[in-house]
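This report describes a structural model in terms of annotated spans, chain-level properties and selected residues.

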Amino acid sequence: MFPAPIQKSSRRWRITYQVLLPFALLVWLLPLLGVMLFSVKPASDFASGNYWTIPASFELFNNYGRVFFESDMPKYLFNSFVITIPTVIGAVALSAMTGFALGVYRFRGNLLIFFIFIAGNFVPFQILMVPVRDLTLGLGLYDTKLGLILFHVAFQTGFCTLFMRNFIRALPFPLIEAARVEGVAEWRIFVFVVLPLMKPALAALSVLIFTFIWNDYFWAVVLTQGPNAQPVTAGITAFNTQFGVAYHMMSASSIIAALPPVAMFFLMQKHFIAGLTLGAVK
Amino acid sequence: MVTAAQNRSWYKRNEIAVTPWLFLLPGIAFFLLYVIIPIFQSFWISFHEWDGLGEKTWVGLANYERLLGGDRKFEVSFWNNVRWLVLYLLAIPLGLFIALFLNQTVRGIRLYKSLFFFPFVISQVVVGLVFTWFYLPNSGLFDVITGWFGIDIRGGVLGNPNTATYGIIAAGLWPQTAYCMILYLTGLNAVDPEQVEAARLDGAKGHKMLWYVIIPQLKPATFIAFVVTIIGALRSFDFIAVMTNGGPFGSTRVLSFYMFEESLSEFGFRMGYGAAIAVVLFFIMLLFITYFLWSMYQDEKGAR
C-alpha cells in the first residue's frame with residue numbers, strides 16, 4: 001500500500017493527520033457550505049450586507065417552502081425526472097445490445113464500429129447543435145421532453161457501448177460456447193446467459209447516465225424553452241430573473257436541483273465509481 | 001408456409017453472422033441519425049450563409065476566411081481554449097495529491113472520500129452559481145479572504161477581464177479534480193503490494209517510490225484522467241454561460257460558447273458562421289480523439 005499506512009508512522013504524524021483531515025475537507029467544501037448557509041438566511045441579511053454572518057433568523061422551511069410552492073421549481077423537477085428516467089432505460093437497453101454484438105461476435109468491421117461509437121461520444125456538442133436542432137424542429141419535437149430524450153438516448157449510446165462492450169469482453173467466453181453447443185438460440189444466450197451476468201454494468205451505467213442527463217444544461221437550452229419541457233438545470237437560470245438577486249431563494253433552489261443525483265451517488269456509490277473509471281481501472 | 005420454413009432455415013444457417021447486426025441495428029440507427037450524420041451536415045452548413053429558417057446561400061470558404069482572417073472574438077476564444085486545456089490538466093496532479101492524502105485506513109475515511117468526491121456529482125450549473133457567489137465583489141467569501149491579505153481585485157474576480165477566465169477555470173477544476181481523485185483512489189487500490197514491498201526493501205521511499213514504482217502502475221488511471229480532462233476542457237460551456245455569459249467585454253468566451261452565441265442568441269442566427277466555428281473546434285478535438293483511439297487500438301491489438 002502506498003503511501004505507507006499511517007498506523008505505522010510516528011504518533012505525532014498520526015495526530016496531525018487526524019486533525020488535518022476534517023480541516024482539509026472543510027476547505028474543500030467551503031463554496032458549498034457557503035450556499036447552504038445562504039439558503040437558510042432571511043432576505044434582510046443580504047439587504048444589510050451580512051452575507052457570511054450567522055443567520056439573523058433561521059429560514060430553512062420558509063425559503064425551501066417558497067421554492068416549492070411559489071415557483072415553477074416542481075414543474076422543472078418533474079420535467080427532469082421525465083427526461084432522465086426514459087433516457088437511462090433507452091440508452092442502457094440499446095447499448096446492452098450493441099455491447100453484446102461487439103463483445104461476443106467476431107466479424108469484419110467490428111472494431112471499426114466500436115471506434116465510431118467511441119469517437120462520436122468524444123465529439124464537441126457544438127458540431128451537432130445546428131443539425132440536431134433542425135432535426136428536432138423537423139420532427140415537431142422542439143420544446144418537448146421527447147425531443148430531448150431521443151437525442152440523449154442516441155448520444156449516450158456511444159459512451160454506454162464502450163462500457164458494455166468492454167464489460168462483456170471480460171466475461172468468461174466458454175459459458176457462451178457451452179450454451180451454443182447445447183443448441184441455444186443466439187438471442188436466448190443474450191437474454192438468459194449474458195444479461196444476468198451484466199447486472200453490475202447495468203447498475204453502474206444507470207446511475208452514471210442518470211447523473212449525466214440530470215446535470216445536462218447545453219442541450220436543455222438548445223432543444224427546449226420555458227417550463228413546459230425544460231429540466232431543472234435550465235430552469236434554475238430562469239430563476240435568476242424570477243428571484244432577481246435573492247440569494248437565499250437561488251441557493252435553496254440550487255440545493256434542491258442538486259439533490260437527486262447526490263442521493264443517487266450516496267445510495268449507489270460502488271456502482272457509480274465503477275462506471276466512472278470506465279471499468280478500465282480496477 | 002414454405003417460405004417461412006425456408007426463412008427460418010436460412011436464419012438458422014447464418015445465425016452467428018446475422019445476430020450481431022440485428023443487435024447493432026437500433027443502436028447504430030440512432031447514433032447515425034443524431035451523431036454521425038449531423039457532423040457531416042455541420043460541415044455542409046459551414047459553407048453557407050443561413051439564418052436557420054430560409055434558404056441557404058452557398059458562400060464557399062467565406063466563413064472560414066472571415067473566421068481565420070482576424071476575427072477578434074475568435075482569437076480571444078481560441079486562446080481561452082488553450083488556457084482551459086493547459087490549466088485544466090492541473091486537475092490530474094491535484095487529484096493524485098488528494099488521492100495520496102486520502103489513501104489511508106483510518107476511521108470514517110470512506111465518508112471523507114465520498115465527501116471529497118461530492119463536487120463532481122453536482123451539476124456544472126449549480127457549481128457555476130456557487131462559485132459566482134463565492135467570487136462576489138466585496139461580499140463574496142473569496143473577496144473577504146483575499147482582503148485579509150490586502151489583495152483587492154477590481155470589479156471582483158469575474159468582473160475583471162484579467163482574472164475572469166482564471167476564476168471560471170478554478171471553478172471547473174473543483175469537480176474535475178474530484179473526478180481525477182476518484183480515478184487515482186481506485187488505481188492506488190490495485191497497486192501491486194509485493195512490488196511496493198520489494199521497492200521498500202531496496203530502500204525506495206517517498207517521492208522516489210512514487211515516481212518510479214507507483215506512478216507507472218497508475219498508468220491506466222492517468223490515461224483515463226487525461227482523456228476526461230481534455231474532453232472536459234474543450235466542452236467547457238455551462239460554467240461560462242452561467243458565470244459570466246462570455247463577459248466582461250467578451251473576455252471569457254471559448255469556442256464552444258462563441259459558436260452558441262453566433263448561432264442561437266439574441267445576437268442573431270448566423271448558423272453558417274456558427275457551424276464553421278464548430279468545425280474548427282471539431283478538428284482541435286479530433287487531434288486528441290485520434291490519439292485516444294490510437295492508444296486504445298494498441299491495447300486491443302495486445303489483447304488479441
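Residues 20-40 of chain A are 90% helix and 0% strand, and their end C-alpha atoms lie 28 Å apart. Helices (H or I, at least four residues) and strands (E, at least two) are DSSP runs, numbered from the N terminus. The model is predicted: local features need pLDDT of at least 70, side-chain atom pairs count only at pLDDT 80 or more, and totals for chains, interfaces and linings use all residues. Residues are numbered from 1 along each chain as its sequence is written, chains are lettered from A and ligands numbered from 1 in the order in which they are written, and side-chain values use heavy atoms, with hydrogens and water left out.

**Annotated spans**

In an unreviewed entry, UniProt lists residues 20-40, 76-104, 111-129, 149-168, 189-214 and 245-267 of chain A as "transmembrane region". The same annotation, also from an unreviewed entry, covers residues 21-45, 82-103, 115-136, 164-188, 209-233 and 272-294 of chain B. UniProt positions are given in the numbering used here, feature names are shortened, and annotations may be inferred rather than shown by experiment. The table sets out some of these spans.

| Span | Helix | Strand | End C-alpha distance |
|---|---|---|---|
| Residues 76-104 of chain A | 100% | 0% | 41 Å |
| Residues 115-136 of chain B | 64% | 0% | 25 Å |
| Residues 164-188 of chain B | 100% | 0% | 35 Å |

**Chain B as a whole**

Chain B holds 15 helices and 2 strands. Its radius of gyration is 25 Å, well over the 19 Å that the globule rule gives for 304 residues, so chain B is more spread out than a compact globule. That radius is taken over C-alpha atoms, and the rule is 2.2 Å times the number of residues to the power 0.38. The C-alpha trace of chain B spans about 85 × 60 × 35 Å along its principal axes.

Of the 304 residues of chain B, 55% count as buried; buried means under 20% relative accessible area, exposed over 50%, and partly exposed in between (1.4 Å probe, protein chains only). Among contacts in chain B with a separation of 6 or more, 66% join residues 24 or more positions apart, where contact means heavy atoms within 4.5 Å.

**Residues with positive phi**

Most residues other than glycine have a negative phi. Asp143(A) has a positive phi near 60°; it sits in the loop between helix H7 (126-138) and helix H8 (145-169) of chain A and is partly exposed, at 22% relative accessibility. Phe249(B) is likewise not a glycine, and its phi is positive at about 55°. This phenylalanine lies in the loop between helix H13 (238-243) and helix H14 (255-263) of chain B, and is exposed with a relative accessible area of 79%.

**Buried residues with contacts in both chains**

Gln126(A), in helix H7 of chain A, is buried at 3% relative accessibility. Beyond its neighbours within four places in sequence, Gln126(A) is in contact with Phe218(A) and with residues of chain B including Phe237(B), Ser256(B) and Met259(B).

Tyr217(A) belongs to the loop between helix H11 (199-214) and helix H12 (218-223) of chain A and counts as buried at 9% relative accessibility. With neighbours within four places in sequence left aside, the contacts of Tyr217(A) include Thr233(A), Ala234(A), Val125(B), Phe237(B) and Asp238(B). Tyr217(A) and Gly275(A), 58 residues apart in sequence, are 21 Å apart in space, C-alpha to C-alpha.
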